[in-house]
Amino acid sequence: MAQDFPRHAKAVIIGGGVIGCSLAYHLTRLGWRDVVLLERKQLTCGTTWHAAGLIGQLRATLNMTRLATYSADLYGSLEEETGIPTGFRQYGSLALALSEARMEELSRGASMAKTFGLEAHVLSPAECLEKNPLIDLKDVVGGVFLPTDGQADPANIAQALAKGARKGGAKVFEQTKVTAIRRENGRVIGVSTDKGEIDAEFVVNCAGMWGREVGAMAGVTTPLQACEHFYIVTEAIPDLPSGLPVLRVPDECAYYKEDAGKLLLGAFEPKAKPWGMDGIPEDFCFDELPEDFEHFEPILEAAVARLPILETAGIHTFFNGPESFTPDDRYLLGEAPELKNFYMACGFNSVGIQSAGGAGKALAEWMEAGEPPFDLWDVDIRRMQPFQGNKRYLVARAEETLGLLYADHFPYRQFDSARGIRHSPLHERLAENGACFGETAGWERANWFLPAEARGNGEAPEYRYSWKRQNWFDYAAAEHRAVREGAGLFDLTSFAKFRVEGRDAEAVLQRISANDVAVEPGRIVYTQWLNGRGGVEADLTVTRLSETLFLVITAAASARRDLAWLKRHIPEEAHCVATDVTSAEAVIAVMGPKAREVLQPLTPADLGNDAFPFGTAREIEIGMGLARAHRISYVGELGWELYVPSDMARHVFDVIWGAGAPQGFTLCGMHVLDSCRMEKAFRHFGHDITDEDHVLEAGLGFAVKADKATLRFGDFLGREAVLSKKQTGLSNRLLQFKLEDPQPLLYHNEPILQDGAIVGYLTSGNYGHYLGGAIGLGYVPCEPGTKAAELLSAKYEIEIAGDRFAAEASLKPLYDPKSERMRL
């Protein structure tokens, strides 16, 4: 082996589990021959070998479902291609609901499946029993059956993929440990192993539960933590029906699989057991962890009641093995923002087998093209923050994330663990005033406020989750009306803020931005950053502060993504530097028709329309402090965002909040920021606009200046795709919908029906408290050249948990369609 060991490769894959084998297989399918896979011990010896092998397909979003569906299709054909049996069988899956809330979740999922082209059936308890006659129906409300789901042999899938990769030219080396990742000038250049060095153009971290340590070799944050995962396998059960669908009972944290006359019972218990906090043993290979029957016993007791046949079944195997989990239960995919050409696919949260085929294909295409093949933001590594690699944080969060796989997936559900890490300077002030905090990118943000009267009656600002109107609904409605009729104060400190400076800063931003940022100092420009397909990579504002200094403002959740995009597109020869200055300034937003009445008495600056027009920024005095006031709005009302040095933020807040503001001035949370933007049909990155949504089809052509002057770094990214779309016409339009019935609630992914046929799904949803009904946004296909009147003349409905509701559709915002209120 030493003589054959390569010294050069186009791609080195670290890790021989199912995902590493899948990536090698798919790279060779794209014609890559110089691919090397390195495995520290033996293929599948970490997690893959002991996976349960469940192949579920319905995921939380369309593209995650696409990847899982592709996996199922691939595993069905691998045996014929490679000769290795994968054990793939499509017996379907059955999920039971033991509460009305769970039934609504499952029913909403079944409706969503229709838009994804996935067959799903909502069943009564009696129909559930027909699918699995072993079930005790006590407390069963109903269920959902997906007939194309399946099960397979995980180790053989990985071996088949490895064999297919070898046939395609890849080389696989077991018993080869990577000891270092070599890098130079911000890009990866190879690896060092215990058998020598390999120069490589690409290196991929597919190391599973070793992924954090492999990432650390490259200086890359890789947030994942191993947890113990338990299941039992019974002895052979006489007369056990064969071909039973996989059974999931999430309210009892359990899943069941029939295999060869035995039953496997596995669990995702509410409080997990992290493992390997002090490192994974060097000799770990096909290892099992110590039994913990006491930990598993509550699951087993409920299982015996649910499937009485287990009461007399013997236990053949009590298994405990490690699997890796990420802080948000979504795996890590894509190019690391810290290091060029260092990619990763790890942290699969117990869905590695069902995800591996699709994830391997998607990552191979990403590496080939240099950009994702479609929107993969759900799993993009750039969503993770640097602090999330902290070991103490990961251990604390992992105790919760394993169990969340089977917890109720209520809208607005917040993590309970590993909280309180990033605080605004205003945090204590907001808490004193009844804030209920949620977490985004580690930031504790006020989502809604509990009024003083309710606090006086002993209520606490805490969520009580439901699929219906949650306990804060009426409080948010009052905040929403305050913004529309009076004024509201938002803490928007979590906005990400980047200084872009240097004599070439304008030229760099002109190259990256679709809008024209060559404006006078003090102007604010709303713009998108586009990819070569015209898809939206970022949605943000650029404020020119001087001839050589700009400030980019974007959302907290996309901070790393946007900064990475910006830095990757600064030419080497450019005199331009981008710096993250997020923590330097707090942001206090005062929004509403009375915003000027609130602020004008507190500053000598003239806030009148002529002196301070919409879309401008200037420094002002406020109280005894200073702020840079940006006249901009994400709620569709008159207002200012005040960017205040962090050390002055509390003073400025106290001045504004304690100034005896006019009636109707109130503190407002992020839920109302969202409900107001929904009424105004403002787009939200990651939901309504993504890297696969064309900027013109998203209705953002007003922010694209295709004829702006060409500067030294060339036309702006995506210009050719914009001009091409203008020539060929739009094939999708983003519409706003309002339900005619004021009772139902919309969240996202609900099917859109046009004249009775499903044509799309909602990309986002919320309640329009001012408009008096649930509001959604979603794309509807159309023929190029279709007139607006023709598109809107159709009958539209939205399906919620199997029921259809009539909806009004509009291309213009239903609230203030001419955008006059922001310019009052």
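This note sets out numbered points on a predicted model, covering its aromatic pairs, helix packing, backbone angles and buried elements.

1. Aromatic pairing. The model contains 35 aromatic pairs. One of them joins tryptophan 377 and phenylalanine 685 in an edge-to-face arrangement, with the ring centres 6.3 Å apart and 65° between the planes. Tryptophan 377 belongs to the loop between helix 8 (352–369) and helix 9 (391–404), while phenylalanine 685 belongs to the loop between helix 17 (670–679) and helix 18 (719–728), so the pair ties together parts 308 residues apart in sequence. Both tryptophan 377 and phenylalanine 685 are buried.

2. A stacked pair. Phenylalanine 410 and tyrosine 465 are stacked, at 6.2 Å centre to centre and with 10° between the planes. Phenylalanine 410 is in the loop between helix 9 and helix 10 (427–432), and tyrosine 465 is in the loop between helix 11 (452–456) and helix 12 (473–485); the pair therefore ties together parts that are 55 residues apart in sequence. How buried or exposed is each partner? Phenylalanine 410 has a relative accessible area of 15% and is buried, whereas tyrosine 465 counts as partly exposed at 27% relative accessibility. Because the buried class ends at 20%, the two residues fall on either side of that cut-off.

3. The ring cluster. Phe410 and Tyr465 also belong to a cluster linked by ring pairs. Its other members are Tyr412, Trp448, Tyr463, Trp467, Trp472, Tyr475 and Tyr747.

4. Charges over rings. Arginine 66 places its charged end over the ring of phenylalanine 374, at 4.1 Å from the ring centre. The charged end of lysine 361 is likewise over a ring, that of tyrosine 70, with a distance of 5.5 Å to the centre. Lys361 is also one of the helix 8 residues in the contact with helix 1.

5. Helix 1 against helix 5. Helix 1 (residues 18–29) and helix 5 (residues 154–167) have axes that come within 8 Å and cross at roughly 30°. Helix 1 is therefore roughly parallel to helix 5, the limit for that class being 35 degrees. The crossing is left-handed. On the helix 1 side, the residues that meet helix 5 are Val18, Cys21, Ser22, Ala24, Tyr25 and Thr28. Their partners in helix 5 are Ile157, Ala158, Leu161, Ala162, Gly164 and Ala165.

6. Helix 1 against helix 8. The axes of helix 1 and helix 8 also come within 8 Å, crossing at roughly 40°. Helix 1 is therefore oblique to helix 8, and it passes helix 8 in a right-handed crossing. Helix 1 contributes Val18, Ile19, Ser22, Leu23, His26 and Leu27 to the contact. The helix 8 residues include Gly352, Ile353, Ala356, Gly357, Ala359 and Gly360. Val18 and Ser22 appear in the contact with helix 5 and in the contact with helix 8.

7. Positive phi angles. Most residues other than glycine have a negative phi. Alanine 418, which is not a glycine, has a positive phi of about 50°. Alanine 418 is located in the loop between helix 9 and helix 10 and counts as buried at 18% relative accessibility. Aspartate 755 also has a positive phi, near 50°. Its setting is the loop between strand 33 (751–754) and strand 34 (757–768), and aspartate 755 is exposed, with a relative accessible area of 55%.

8. Isoleucine 553. Isoleucine 553 is part of strand 25 (residues 549–554) and counts as buried, at 6% relative accessibility. Its C-alpha atom is 6.5 Å from that of valine 542, eleven residues away along the chain. Leaving aside residues up to four places away in sequence, isoleucine 553 touches Phe495, Ala496, Lys497, Leu540, Thr541 and Tyr643.

9. Helix 17. Which residues of helix 17 are buried? They are Met670, His671, Val672, Leu673, Asp674, Ser675, Cys676, Arg677, Met678 and Glu679. Ten of the ten residues are buried, so helix 17 is largely enclosed by the rest of the structure. The buried residues of helix 17 pack against helix 12 and against several strands: strand 20 (443–449), strand 21 (487–491), strand 32 (732–739), strand 34 and strand 35 (773–781). Just after helix 17, alanine 681 adopts a positive phi of about 60°.

Conventions: Residues numbered from 1 in each chain as written. Predicted model: local features only at pLDDT ≥ 70, side-chain atom pairs only at ≥ 80, totals over all residues. Heavy atoms only, no water. Phe/Tyr/Trp six-rings, centres within 6.5 Å; stacked < 30°, edge-to-face > 60°. Helix = DSSP H or I, 4+ residues; strand = E, 2+ residues; numbered from the N terminus. Buried < 20%, exposed > 50% of the residue type's maximum accessible area, 1.4 Å probe, protein only. Lys NZ or Arg CZ within 6 Å of the ring centre and 35° of its normal. Axes fitted to C-alpha atoms, helices over the stretch in contact; angles between N-to-C directions. Parallel < 35°, antiparallel > 145°, perpendicular 65-115°, else oblique. Left-handed = near helix turned anticlockwise from the far one by under 90°. Contact = heavy atoms within 4.5 Å.
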